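Me: I'm new to this structure and would like a close look at one part of it. Pick a spot, go through it slowly, and follow the contacts from there.

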Amino acid sequence: MLTKMYLTNFLSFFDRTEIDFTASKYNILSETNVYDNTILKGGLFIGPNAAGKSNVLKGIAFLINMIKGDGESFELYRCRFSRLPFVILEYEFNFLNQKVVYKIEYSVKTKNMSEEISIDDRLILKREGSKGELTIGDTVAADDQLDNDTLFLRTASFNTGRFPQEPVLRKLMDYLNNSYYVDGYNRGASWGKCITKYVDEYGVEKINKYLQEFNYDFFIEYGSESSGEGATISVGSNEKIVFFKRKSFPFPSIFYDESQGNQVFADMLPNVIRTMENPGMLIFDEFGNSLHNKLAEKIVKFFMKNAEKSQLFITSHDTNLISNSVFRPDQINLVTFDGSNGSKIKRISKFKPREAQNLEKMYLGGMFEGLPSYEEV
């Protein structure tokens, strides 16, 4: 699981900035929101518009996309108000009670990438430009034809068959491959791209099971036709589509005729299920967009309670999530923008609020950082 991340010269983060996902001494939600008493099951990033909240999530998503081969360009992520010719991303994970440190540095000037991975301070992988070296046990494998658009970690994983002799690296790769980044404005949600692909492969039973557990009034069907309340909707025998139906009034509705909230909620469920059932990260930018704030709360609580070895990272403007009943104070990150110094992050736990205090009220009252000011002049 991800325990820390450091961003340097990355988007709005100019100085080396630590984002900490280790648990502090709070006892709040320790049964649900903390893994093994030490690692947080994710975090909330909140603050004014354009403070840098989304950029934190892009730091996590960057690694995931590179591992999956989805294509990324370091040049696009260089801090725009900096002249420094490099981008540095550092990640710390914990698997099998061992600390994994992974550092990636890219020189915009030379177009060279460097990588280092250590497990409990034991150097496993090192790469400089086109040359890399992987050490597993007594075996050293070298490669001098590395592509600067591809991580050596990804190449080495494929070449070794997913690290059969190094279980910690195998856990890391499985974790990253079962991680998903979702943009809350997810335009694909309106067409049900994610849920349609999922139910076409796995059917609707599991989706409807989760909708039932959320006590949601809707269920879905998948096919070329759906009937209810005296009406039948058909899309042709050669086409299948997702239909919505209310339990209380089962009149069929085509997915893209449904409300945006239903579309967004349903289309996120496959990735919620994947990360609930197998270790991974669910990264959701603008979480709560189009969802009722009580439903957004319910999703977070449900994930924290039921996902044993996964993490949820979100940005949101729903201040009701700033609550000791949803997130711990060390899970709530206040993001601010400090001019030429770039984005800054501070956890609410740094302010040492008491467990009984109303964090949302304190935030809106200006007792913490990260509250926008729109006062009239």
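Reply: Let's start at Lys53, which touches Phe45, Ile46, Gly47, Pro48, Thr315, His317 and Val335, leaving aside residues up to four places away in sequence. Touching, or contact, means heavy atoms within 4.5 Å. Before we go on: this is a predicted model, where local features need pLDDT of at least 70, side-chain atom pairs count only at pLDDT 80 or more, and totals for chains, interfaces and linings use all residues. Residues are numbered from 1 along each chain as its sequence is written, and side-chain values use heavy atoms, with hydrogens and water left out.

You'll find Lys53 in helix α1 (residues 53-68). Helices (H or I, at least four residues) and strands (E, at least two) are DSSP runs, numbered from the N terminus. Lys53 has a relative accessible area of 6%, so it is buried. The cut-offs are under 20% relative accessible area for buried, over 50% for exposed, and partly exposed in between (1.4 Å probe, protein chains only). Looking back along the chain, Lys53 and Met1 are 52 residues apart in sequence, and their C-alpha atoms are 21 Å apart in space.

Two of the residues that Lys53 touches, Phe45 and Ile46, are also touched by Ser316. Ser316 sits in the loop between β19 (311-315) and β20 (332-337). With a relative accessibility of 1%, Ser316 counts as buried. Leu44, Phe287 and Leu321 are on the contact list of Ser316 too, again not counting residues up to four places away in sequence.

Keep an eye on Phe287, because we can follow it onwards: Phe287 is one of the residues that line the largest cavity, together with Phe214, Val272, Leu282, Ile299, Phe302, Phe303 and Leu312. A cavity is a set of points, on a 1 Å grid over the protein atoms alone, where a 1.4 Å probe fits but cannot get out; lining residues have an atom within 4 Å of a point. Search the whole structure and you get one cavity of 30 Å³ or more. The largest cavity holds about 50 Å³ of space. Points are joined across faces, edges and corners, and a volume is the space filled by probe spheres set on them. Helix α7 (residues 293-306) gives the largest share of the lining, three residues. As for character, the lining has eight nonpolar residues, no polar ones and no charged ones. Here Ala, Val, Leu, Ile, Met, Phe, Trp, Tyr, Cys and Pro count as nonpolar, Asp, Glu, Lys and Arg as charged, and the others, Gly among them, as polar.

Now for the aromatic rings, with Phe214 from that lining as our guide. The structure has 22 aromatic pairs. In one of them, the ring centres of Phe214 and Phe265 are 5.5 Å apart and the planes are at 85 degrees, so this pair is edge-to-face. Rings of Phe, Tyr and Trp (its six-membered ring) pair if their centres lie within 6.5 Å; planes under 30 degrees apart are stacked, over 60 edge-to-face and the rest tilted. Phe214 lies in the loop between α5 (205-213) and β13 (218-223), while Phe265 is in helix α6 (residues 260-277), so the pair ties together parts 51 residues apart in sequence. Both Phe214 and Phe265 are buried.

Phe214 has another partner, Phe302: their ring centres are 4.7 Å apart with the planes at 40 degrees, so this pair is tilted. Since Phe302 belongs to helix α7 and Phe214 to the loop between α5 and β13, the pair ties together parts that are 88 residues apart in sequence. Phe302 is buried, as is Phe214. Zoom out a little and Phe214, Phe265 and Phe302 turn up in one aromatic cluster, along with Tyr210, Tyr216, Phe218, Phe244 and Phe255.

One last stop on this trail is Lys298, also in helix α7. Lys298 touches Phe214 as well as Glu213, not counting residues up to four places away in sequence. Remember that Lys53 is buried; Lys298, with a relative accessible area of 35%, is partly exposed. The C-alpha atoms of Lys298 and Phe21 are 22 Å apart, and 277 residues separate the two along the chain.

Technical notes
On a 1 Å grid over the protein atoms alone, a cavity is a set of points where a 1.4 Å probe fits but cannot get out, and a pocket is an open set with protein on both sides within 12 Å along at least five of seven lines; lining residues have an atom within 4 Å of a point.
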